[in-house]
Structure formats: C-alpha cells, structure tokens
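Here are my comments on the model you sent round. Have the viewer open while you go through them.

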Amino acid sequence: MTTTPGRRLRFLVVDDTDDIREVMTRMVERQGHLADQAVDGVEAVEALQQTRYDLMLLDLSMPRMTGEEVVRWVQQHPEHAVGLRVVVVSAWAGDKRPVLQELGITDVLPKPFRRQQLEQLIAESL
C-alpha cells in the first residue's frame, strides 16, 4: 500500500518499551510517513507542545504519566491537539474499555498488531 504523494502524516509514537516503539516507528516510516518518539507521557506532552501531529499511537501503561493521563491533558489543552487522532495501542485495552469510552477514545490497536492494521489506520486518516 502506498500513500498519496505529498500527503505525509506526522505520527507521535508513545511507548515505554524500546522495541515496541522502534517497531511502530519503522512501520510508520516504511509507509512513507514521519514519526517522532516519546518514551512516556511526559515526553509525549512535551512533544505535543512543540509539534503538530496527525496521529498519536499511545500506550496506556507507562511510568511518570500514563496514556490515560496524556489523553486527559490533550482534552484540557485542545490547542495542542488540532486535528490529532489518538490511537491507543495496548494489550489490555479490553480491560480499560469503560475508561476509554469515558475519554472518547474509539481507536484501539491491540498489542501486538499486524502491519495491515496500521496500514488501514493510515488509509483512514489520509
């Protein structure tokens, strides 16, 4: 699957596990898009304050600041999230369904996810 020339999405990949973060970043970049990384919610918030992103792939379970706390911060600071689509990437998303609904999160990728799932997400976002 290829992207439309000239339409590159900017991703923020947020996960405290180095290997998972690296794999997600490579998958995004292989699709022809840009990806920045954050190792936890604190770094994610700092990145959101500096750069506008199209999509944030967000782990829920992280030290210092959880994915849930990042989503709450985004809701309180909408000026840093114009056009941002938040996608939770979690092995435990099913357990968190009530919290995700409360936060308005409808996009969830299960860990581990397949390349095709990411490609479909990108296609929907273009």
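Before the points, one cut-off: a residue counts as buried when its relative accessible area is under 20%, and as exposed when that area is over 50%. Also keep in mind that this is a predicted model.

1. Start with strand β5, residues 107–110, where that cut-off gets used straight away. D107 and L109 point to one face and are buried. V108 and P110 point to the other face, and these two are not buried. As a general matter, side chains in a regular strand alternate between the two faces of the sheet.

2. Now set β3 beside that. In this strand, residues 55–58, L55 and L57 point one way while M56 and L58 point the other way. Which of these side chains are buried? All of them are. So if you colour by accessibility, expect both faces of β3 to come up as buried.

3. Next, the strand pairing. Strand β1 (residues 10–14) pairs with β3 in the parallel sense, over four bridges. β3 in turn pairs with β4, again parallel and over four bridges. Strand β4, residues 85–90, then pairs with β5, also in the parallel sense and with four bridges.

4. A few residue pairs help to find the register on screen. V13 has L57 of β3 as its bridge partner. L57 also stands opposite V87 in β4. Farther along, S90 has P110 of β5 as its bridge partner, and P110 is one of the β5 residues that are not buried.

5. Zooming out, the protein chain has five helices and five strands. What order do they come in? From the N terminus on they run β-α-β-α-β-α-β-α-β-α. The radius of gyration is 13 Å, close to the 14 Å that the globule rule gives for 126 residues, so the chain is as compact as a globular protein of that length. Along the principal axes, the C-alpha atoms fill a box of roughly 35 × 30 × 25 Å.

6. Some totals for the chain. Of its 126 residues, 44% count as buried. Take the contacts with a separation of 6 or more: residues 24 or more positions apart account for 65% of them. The chain exposes about 6,800 Å², and carbon and sulfur atoms supply 48% of that. As for charges, there are 15 positive and 20 negative ones, and their mean positions are 6 Å apart.

7. Two arginines deserve a look. R21 sits in helix α1, residues 18–30. Is R21 buried or exposed? Its relative accessible area is 6%, so R21 is buried. Neighbours within four places in sequence aside, R21 is in contact with V13, D15, D16, Q37, A38 and V39. V13 is the residue that bridges to L57 in point 4.

8. R64 is the other one, in the loop between β3 and α3 (67–76). With a relative accessible area of 59%, R64 is exposed. Check its backbone too: phi of R64 is near 65°, a positive value in a residue other than glycine.

9. Last, a peptide bond to inspect. K111 and P112 are joined by a cis peptide bond, with omega about -10°. P112 lies in the loop between β5 and α5 (115–125).

How values were computed: Residues numbered from 1 in each chain as written. Predicted model: local features only at pLDDT ≥ 70, side-chain atom pairs only at ≥ 80, totals over all residues. Heavy atoms only, no water. Rg over C-alpha atoms; globule rule 2.2 N^0.38 Å. Buried < 20%, exposed > 50% of the residue type's maximum accessible area, 1.4 Å probe, protein only. Contact = heavy atoms within 4.5 Å. Areas by Shrake-Rupley, 256 points an atom, 1.4 Å probe, with all protein chains shown as cover. Lys, Arg positive; Asp, Glu negative; His and termini not counted. Charge placed at Lys NZ, Arg CZ, Asp CG, Glu CD. Pairing = 2+ DSSP bridges.
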